[in-house]
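Thanks, everyone. I would like to walk through one model this morning, going from a single site outwards, so please keep the display open while I talk.

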Amino acid sequence: MQVGPLNHVGVAVPSIEEAAQNYRDLYGCTDITEPGEMPEQGVRYCFVNLPNSQIELIEPLGDDSPIKKFLERNPKGGQHHVCFEVEDIHVAKAAMEEKGAKVLNEPRIGAHGTLIIFVHPKDSNGVLIELMESPKAGH
Ligand code: CO
């Protein structure tokens with residue numbers, strides 16, 4: 001198993017609207033997606049599209065959002081995860097577990113509509129890693 005391209009960097013923020021405005025004002029980013037919600041994952045999100053990658057802005061949704069604690073520690077927001085594409089999420093999960101890494105969830109549908117898993121930060125120099133199946137052509 002080998003990871004493919006960097007898909008996005010996840011940034012947790014108190015307000016995705018305010019953060020998106022900051023990307024517009026400070027960095028001139030104009031291609032920003034409409035916000036979406038993933039209630040079962042406890043996040044609102046949008047993507048700042050860059051020529052070679054994306055920034056995923058995520059905001060807590062609901063009281064038991066997994067990023068609520070992160071924002072308590074980092075009230076202004078902060079870099080939350082890095083996402084690499086993989087060919088097959090089940091192959092990737094098996095490979096991670098075989099190498100002794102801690103996979104945090106069963107494969108589930110992520111913000112791009114493909115299956116994702118998260119790998120514990122302790123296995124990657126303190127960085128929470130998201131692995132996502134590459135979107136298939138035509139999607
Ligand atoms: Co992500």
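His8 has a relative accessibility of 0% and therefore counts as buried, where buried means under 20% relative accessible area, exposed means over 50%, and partly exposed lies in between, with a 1.4 Å probe and protein chains only. This is a predicted model, in which local features need pLDDT of at least 70 and side-chain atom pairs count only at pLDDT 80 or more, whereas totals for chains, interfaces and linings use all residues. Residues are numbered from 1 along each chain as its sequence is written, and side-chain values use heavy atoms, with hydrogens and water left out.

Which protein atoms are donors of the cobalt ion? They are His8 (NE2), Glu56 (OE), His81 (NE2) and Glu130 (OE), at 2.0 to 2.1 Å from the ion; donors here are N, O and S atoms within 2.8 Å of the metal (3.2 Å for Na, K and Ca), and, since water is not among the atoms, sites may look incomplete. Along the chain, these donors follow the spacing H-x47-E-x24-H-x48-E. His8 in strand S1 (residues 6–12) and Glu56 in strand S4 (residues 54–60) are 48 residues apart, so that this pair links distant parts of the chain, strands being DSSP runs of E with at least two residues and helices runs of H or I with at least four, numbered from the N terminus. Glu56, at 5% relative accessibility, is buried as well.

Why is the arrangement around the cobalt ion irregular? The four donor atoms subtend angles of 87 to 172°, and four donors count as tetrahedral only if all angles lie between 85 and 135 degrees, while four count as square planar and six as octahedral if opposite donors are over 155 degrees apart and all others between 65 and 115, anything else being irregular.

Let me turn to the strands around this site. Eight strands form an open sheet of mixed pairing, in the order S2-S3-S4-S1-S5-S8-S7-S6, and two strands are taken to pair if DSSP finds at least two bridges between them. The edge strands, each pairing on one side only, are S2 (36–38) and S6 (108–109). S1 is largely enclosed by the rest of the structure, because five of its seven residues are buried. S1 pairs with S4 in the parallel sense over five bridges, with Gly10 having Glu56 as its bridge partner in S4, and six bridges join S1 to S5 in the antiparallel sense, where Val9 stands opposite Val82. S5 (residues 78–86) and S8 (residues 128–133) run parallel and are joined by six bridges.

Gln54, also in S4, is buried at a relative accessible area of 14%. Its side chain makes a polar contact of 2.7 Å with the side chain of Asn49; such a contact is a pair of N or O atoms within 3.5 Å, where, within protein, one must be able to donate a hydrogen and the other to accept it, and residues adjacent in sequence count only if both atoms are side-chain atoms.

Finally, the nonpolar packing. The largest nonpolar core has twelve residues, including Val11, Tyr23, Ile55 and Leu57, a core being a set of buried Ala, Val, Leu, Ile, Met, Phe, Trp, Tyr and Cys residues joined through side-chain atoms within 4.5 Å. The largest share of this core, four residues, comes from helix H1.
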